[in-house]
Structures are given as C-alpha cells and as structure tokens.
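Reader: I am new to this structure. Please show it to me, and then let me ask how each label is earned.

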Amino acid sequence: MTKKPKHLGFEINAVSNMLKRKALKPDNSLTKMQMWIIGFVYNKENCDVFQGDIEKTFHITRATASDI
C-alpha cells in the first residue's frame with residue numbers, strides 16, 4: 001500500500017502553527033536572525049531555497065545556518 005501524499009496547504013498550515021507556537025512562547029521566542037530567515041524563505045515561496053542561499057544572503061557560516 002502506498003502512502004497518500006499530503007497536500008501542500010496542509011503542510012504550510014502545520015509549519016505556520018509550529019512557528020506561531022514557537023514565536024508566542026515567552027521563554028523561548030524567536031531571535032531576530034530566525035525571523036529574518038523565515039521572512040527570506042517566505043519571500044522565495046516560488047523558488048527552492050537551500051542552506052547555502054541563507055549562508056550567502058546573511059553572511060553566516062554553515063554551522064550557524066544549521067543551528068538556526
């Protein structure tokens with residue numbers, strides 16, 4: 001039996017809910033860099049975004065990008 005693919009809208013909603021929970025949690029809020037990266041990825045919604053793109057755009061190391 002093959003696994004039924006999830007709809008993109010469902011995936012987007014799930015990610016949105018996770019981000020809201022993370023952002024609204026007072027003891028563990030998002031950093032400015034995390035918010036900038038979320039905005040960057042959001043604005044590239046019709047393009048593939050790779051970790052290297054984030055590293056180059058924000059002038060950060062691979063380790064920092066991975067951690068974020």
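Reader: What makes the lining of the largest pocket 12 nonpolar, 2 polar and 3 charged residues by class?
Author: Ala, Val, Leu, Ile, Met, Phe, Trp, Tyr, Cys and Pro count as nonpolar, Asp, Glu, Lys and Arg as charged, and the others, Gly among them, as polar. Sorted by that rule, the lining has 12 nonpolar, 2 polar and 3 charged residues. This is a predicted model: local features need pLDDT of at least 70, side-chain atom pairs count only at pLDDT 80 or more, and totals for chains, interfaces and linings use all residues. Numbering starts from 1 along each chain as its sequence is written, and side-chain values use heavy atoms, without hydrogens or water.

Reader: Why is it called a pocket, and what is its volume?
Author: On a 1 Å grid over the protein atoms alone, a pocket is an open set of points with protein on both sides within 12 Å along at least five of seven lines; a cavity is a set where a 1.4 Å probe fits but cannot get out. Grid points are joined across faces, edges and corners, and the volume is the space filled by probe spheres set on them. For the largest pocket that comes to about 550 Å³.

Reader: Which residues line the largest pocket closest to its centre?
Author: A lining residue has an atom within 4 Å of a point. There are 17 of them, and V15, L19, I38, V41 and Y42 are the closest to the centre. Helices α1 (8-24) and α2 (32-43) each supply at least two lining residues. A helix here is a DSSP run (H or I, at least four residues), and a strand is a run of E of at least two, numbered from the N terminus. The protein has 4 helices and 0 strands.

Reader: What makes F40 and F58 an aromatic pair, and why edge-to-face?
Author: Rings of Phe, Tyr and Trp (its six-membered ring) pair if their centres lie within 6.5 Å; planes under 30 degrees apart are stacked, over 60 edge-to-face, the rest tilted. F40 and F58 are 5.6 Å apart centre to centre, with 80° between the planes, so the pair is edge-to-face. F40 lies in α2 and F58 in α3 (residues 51-58), so the pair ties together parts 18 residues apart in sequence.

Reader: Are F40 and F58 buried or exposed?
Author: Both are buried, which means under 20% relative accessible area; exposed means over 50%, and partly exposed lies in between (1.4 Å probe, protein chains only).

Reader: How do you know whether H59 and S29 are buried, partly exposed or exposed?
Author: H59 has a relative accessible area of 72%, so it is exposed. S29 has 42%, so it is partly exposed. H59 sits in the loop between α3 and α4 (62-67), and S29 in the loop between α1 and α2.
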